[in-house]
Amino acid sequence: MRTCKQCDSEMVNGFDIKVDGTSYGIKITKNSTIFSERIEKPKVAICPKCGEVSLYIEKLDKISSR
Ligand SMILES: [Zn+2]
């Protein structure tokens with residue numbers, strides 16, 4: 001469960017990211033190198049109380065630099 005960092009409410013997980021006008025979604029980059037092909041697409045959690053939006057990755061074992 002994710003807790004809102006703004007108001008400590010329980011956030012609603014599992015939303016997908018969609019970018020208007022494309023079907024490519026977004027990419028996460030580091031040092032200008034795209035490594036999003038090796039990790040999960042980011043998911044979105046939304047706080048139903050205050051509207052805070054939080055991005056997260058479900059499978060952290062694919063983040064090799066940790
Ligand atoms: Zn909140």
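**Close-up views of a zinc-binding model**

**View A. Asp8, in the segment before β1****.** Asp8 sits ahead of strand β1 in the chain (helices are DSSP runs of H or I with at least four residues, strands runs of E with at least two, numbered from the N terminus). Its phi is near 65 degrees, a positive value in a residue other than glycine. Asp8 counts as exposed, at 63% relative accessibility (buried is under 20% relative accessible area, exposed over 50%, partly exposed in between, with a 1.4 Å probe and protein chains only). A word on the model itself: it is predicted, with local features needing pLDDT of at least 70 and side-chain atom pairs pLDDT 80 or more, while totals for chains, interfaces and linings use all residues. Residues are numbered from 1 along each chain as its sequence is written, and side-chain values use heavy atoms, leaving out hydrogens and water.

**View B. The zinc ion and its cysteine donors****.** Here you can see the SG atoms of Cys4, Cys7, Cys47 and Cys50, lying 2.3 to 2.4 Å from the zinc ion (donors are N, O and S atoms within 2.8 Å of the metal, or 3.2 Å for Na, K and Ca; water is not among the atoms, so sites may look incomplete). The arrangement is tetrahedral because the four donor atoms subtend angles of 105 to 118 degrees around the ion (for four donors, all angles must lie between 85 and 135 degrees). For reference, the ideal angle for four tetrahedral donors is 109.5 degrees. Along the sequence, the donor residues follow the spacing C-x2-C-x39-C-x2-C. Cys4 is buried at 1% relative accessible area, whereas Cys7, at 32%, is partly exposed. Cys50 is also partly exposed, at 44%. If you look for disulfides, the structure holds zero (the criterion is a pair of cysteine sulfur atoms within 2.5 Å).

**View C. The Lys5–Glu52 salt bridge****.** The closest N and O atoms of Lys5 and Glu52 are 3.6 Å apart (a salt bridge is a side-chain nitrogen of Lys or Arg within 4 Å of a carboxyl oxygen of Asp or Glu). Lys5 belongs to the segment before β1 (12-15) and Glu52 to the loop between β4 (43-46) and β5 (53-56), so this pair ties together parts that are 47 residues apart in sequence. Lys5 is exposed at 63% relative accessibility, while its partner Glu52 is buried at 17%.

**View D. The surroundings of Glu52****.** Leaving aside residues up to four places away in sequence, Glu52 touches Cys4, Lys5, Gln6, Met11, Ala45, Ile46 and Cys47 (contact means heavy atoms within 4.5 Å). Two of the zinc donors from View B, Cys4 and Cys47, are therefore part of this view, as both touch Glu52.

**View E. The Lys43–Asp16 salt bridge****.** This is one of the two salt bridges in the structure, and its closest N and O atoms are 2.8 Å apart. The pair links distant parts of the chain, with Lys43 in strand β4 and Asp16 in the loop between β1 and β2 (29-30), 27 residues apart. Lys43 counts as buried at 17% relative accessibility, whereas Asp16 is partly exposed at 47%.

**View F. The fold around these sites.** Stepping back, the protein has zero helices and five strands, giving the pattern β-β-β-β-β along the sequence. Of its 66 residues, 26% are buried. Among contacts with a separation of 6 or more, residues 24 or more positions apart account for 53%.

Terms used: Four donors count as tetrahedral if all angles lie between 85 and 135 degrees; four count as square planar and six as octahedral if opposite donors are over 155 degrees apart and all others between 65 and 115; anything else is irregular.
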